[in-house]
Structures are given as structure tokens and as C-alpha cells.
Amino acid sequence: MYLNMCVCVLSRFLAVITMTDGDYDYLIKLLALGDSGVGKTTFLYRYTDSKFNPKFITTVGIDFREKRVVYTASNPNGTTTGKTFKVHLQLWDTAGQERFRSLTTAFFRDAMGFLLMFDLTSQQSFLNVRNWMSQLQANAYCENPDIVLVGNKADLADQREVQEKQAKELADKYGIPYFETSAATGAEVDKAVITLLDLVMKRMEQCVDKPPAEPANGNGAAKLGSAPPGEKKCAC
Ligand SMILES: Nc1nc2c(ncn2[C@@H]2O[C@H](COP(=O)(O)OP(=O)(O)OP(=O)(O)O)[C@@H](O)[C@H]2O)c(=O)[nH]1
Ligand SMILES: [Mg+2]
């Protein structure tokens, strides 16, 4: 099974290499995570292809989709800077099933932003958001990565188990944006992804604008920050 999975991902990866013409300014890697069945694959399919797949075919290990977007840079006050960038989005789709956990968390390190998803019709998937958050803090590029919390299946209003207020409070506690989406209708799907892209781009712009680290003693060695060794600071 693992061999099949590797061949599948590899062939998709090679397809990306041949399909991409290199005509973009940024390659941004985002990753979707959350319990099995919350709708990660369906959400990404809706975002890239504007279609809904009602069938549940659980993801084996990891997969990805891609999309080109034009990103318009904005000032801190929300007004546009007039600068636009061509962005190639790589959207990594992880398996929610426990048996793939060590494989999927290994992919967290390479992602620049995260769509942390739960199912609005499943209280358990919402409770598990805290566990996914710990996994992220332990395995992402830093302890405070860019994340958007997504409550999916908003169209199933009569089956809802998680209230908007509850989810919003959790997102506020983590200091991250929250969206209620529907992969079935497409509601808020684009907005959730674009908000995450905006956070990632803003972090990158901050890094570009930051002056280079001063030499510590004139011998060219970079000055070390106050972080203890091994701590994953969100440095540029
Ligand atoms: N009604 C409704 N159904 C949805 C929505 N999103 C996903 N589904 C359905 O939920 C089921 C599971 O969706 P998947 O996208 O396969 O779930 P997943 O999170 O990728 O699951 P794993 O790959 O096992 O981690 C499928 O039958 C989807 O059609 C939604 O917004 N509304
Ligand atoms: Mg899936």
C-alpha cells in the first residue's frame, strides 16, 4: 500500500514539475490537516476545481493539488499597495487517519501555512483541534505558524454539533482567524484560503524588509538571538 502511495505522490509530483512553467513569483505550500472525514480533500477539490465530490474516499498518506492565483499586496491599514504577484499554490492534503500520523506530520515542517479543519457536525472533530494544534506546534517550521481554523460542512445546518461562538472563542484563544465553510456549496472556501495566503505573504514580506543579522564580532558570524538552543522561533 505504501509503495502504491509513494508511486502515486511521485507521479503527481512529476506532473507538477512538467506542468509548471516557472512563470510565477512565489511558490507557496499550504497544508490541510484535521480528523478523517472533516472534508479536507473535498474542500481542496472545491477550491481548485470549483466542484463538489459527495463520495468519501479516505486519503492514503498524503496527496496534493495546485492552483495559480494573483496576490495583491496590502498595507497594514488594508489599502492596496498596487503590487501584484503571481503565486503558485501547492495545497498538501494529509490523511486524517491515525495510522498515517508519523508520515503526515513529517510534511508539516515544509508547509508555510495550515488549514486546520474540523467538521461542524462532529463535536469530536472539534475537540481534536487541540491535539492537532499540539502536533503543529511540535512539527511545523516554528511554534507559532500561520494557521486558519476552518469549520466545514456549514450546509448541514440541521446536523450541526458545534456552535459558531464556541469555535470563534477557540480561534481567538489561539489568535487565529476562523471560517465556517461548505465544500458542498463553496461558501467561504476561497476566503479561508486567501486569508491564509495573506498571512503567509505578510510574514514573508516582513522577512524581506528586515535588515540582515549583524555580524557578532566582525568575523562574519551571525549574532544569535536570545532563544535557547533547539527552540523553534519564527525567524526569517
Ligand atoms: N454536506 C457536506 N459534505 C461534505 C462537505 N465536505 C466534505 N463532505 C463530505 O464528507 C465526506 C468526507 O470528506 P473528505 O474530503 O474525503 O474527508 P477528509 O477530511 O479528506 O478525510 P481523510 O482523507 O480520511 O482524512 C465526503 O463524503 C464528502 O463529500 C461539506 O462541506 N458539506
Ligand atoms: Mg482526504
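Which element supplies the largest share of the shell around ligand 1? Keep that in mind as we walk through the model.

**Before you click**

This is a predicted model, in which local features need pLDDT of at least 70, side-chain atom pairs count only at pLDDT 80 or more, and totals for chains, interfaces and linings use all residues. Residues are numbered from 1 along each chain as its sequence is written, chains are lettered from A and ligands numbered from 1 in the order in which they are written, and side-chain values use heavy atoms, with hydrogens and water left out.

**Stop 1: the whole chain**

Start with a cartoon view. The chain has seven helices and six strands; helices here are DSSP runs of H or I with at least four residues, strands are E runs of at least two, and both are numbered from the N terminus. Following the cartoon from the N terminus, you pass α-β-α-β-β-α-β-α-α-β-α-β-α.

Now switch on a surface. About 12800 Å² of the chain is exposed, with 55% of that supplied by carbon and sulfur atoms. These areas come from the Shrake-Rupley method with a 1.4 Å probe, and for residues only the protein chains shown count as cover. Of the 236 residues, 38% are buried. Buried means under 20% relative accessible area, exposed means over 50%, and partly exposed is in between (1.4 Å probe, protein chains only).

If you draw a contact map, look at the long-range part: among contacts with a separation of 6 or more, 76% join residues 24 or more positions apart. A contact means heavy atoms within 4.5 Å.

**Stop 2: ligand 1**

Select ligand 1 and show its surroundings. The shell holds 24 residues, and the closest are Ser36, Lys40, Thr42, Asn53 and Thr58; a residue belongs here if one of its heavy atoms lies within 4 Å of the ligand. The opening question can now be settled: α2 gives the largest share of this shell, with three residues.

Colour the shell by type and you get eight nonpolar, eleven polar and five charged residues. In this scheme Ala, Val, Leu, Ile, Met, Phe, Trp, Tyr, Cys and Pro are nonpolar, Asp, Glu, Lys and Arg are charged, and the others, Gly among them, are polar.

Next, draw some distances to oxygen atoms of ligand 1:

- From a polar side-chain atom of Thr41, the distance is 2.9 Å.
- From a backbone N or O atom of Thr59, it is 2.8 Å.
- From a backbone N or O atom of Phe56, it is 3.5 Å.

Taken alone, ligand 1 exposes 660 Å², and the protein buries 92% of that. A polar contact is a pair of N or O atoms within 3.5 Å; within protein, one must be able to donate a hydrogen and the other to accept it, and residues adjacent in sequence count only if both atoms are side-chain atoms.

**Stop 3: the magnesium ion**

Select ligand 2, the magnesium ion. Thr41 (OG1) and Thr59 (OG1) coordinate this ion at 2.0 to 2.1 Å. The two sit in distant parts of the chain, 18 residues apart: Thr41 in helix α2 (residues 40-49) and Thr59 in the loop between α2 and β2 (62-74). Donors are N, O and S atoms within 2.8 Å of the metal (3.2 Å for Na, K and Ca), and because water is not among the atoms, sites may look incomplete.

Are these two threonines buried or exposed? Thr41 is partly exposed at 32% relative accessible area, while Thr59 is buried at 14%.

**Stop 4: along helix α2**

Select α2. Seven of its ten residues are buried, so the helix is mostly covered. The buried ones are Lys40, Thr42, Phe43, Leu44, Arg46, Tyr47 and Thr48.

Pick Thr42, with a relative accessible area of 16%. Not counting residues up to four places away in sequence, Thr42 touches Phe52, Asn53 and Ala183.

Step off the end of the helix to Ser50, where phi is positive at about 55° although the residue is not a glycine. Ser50 is exposed, with a relative accessible area of 52%.

**Stop 5: two last picks**

Glu188 also calls for a torsion check: its phi is near 65°, a positive value in a residue other than glycine. Find Glu188 in the loop between β6 (178-180) and α7 (189-209), partly exposed at 32%.

Finish at Thr105 in helix α3 (residues 101-106), buried at 10% relative accessible area. The Thr105 side chain reaches the backbone oxygen of Arg101 at 2.9 Å. Leaving aside neighbours within four places in sequence, Thr105 is in contact with Gln135 and Asn139.
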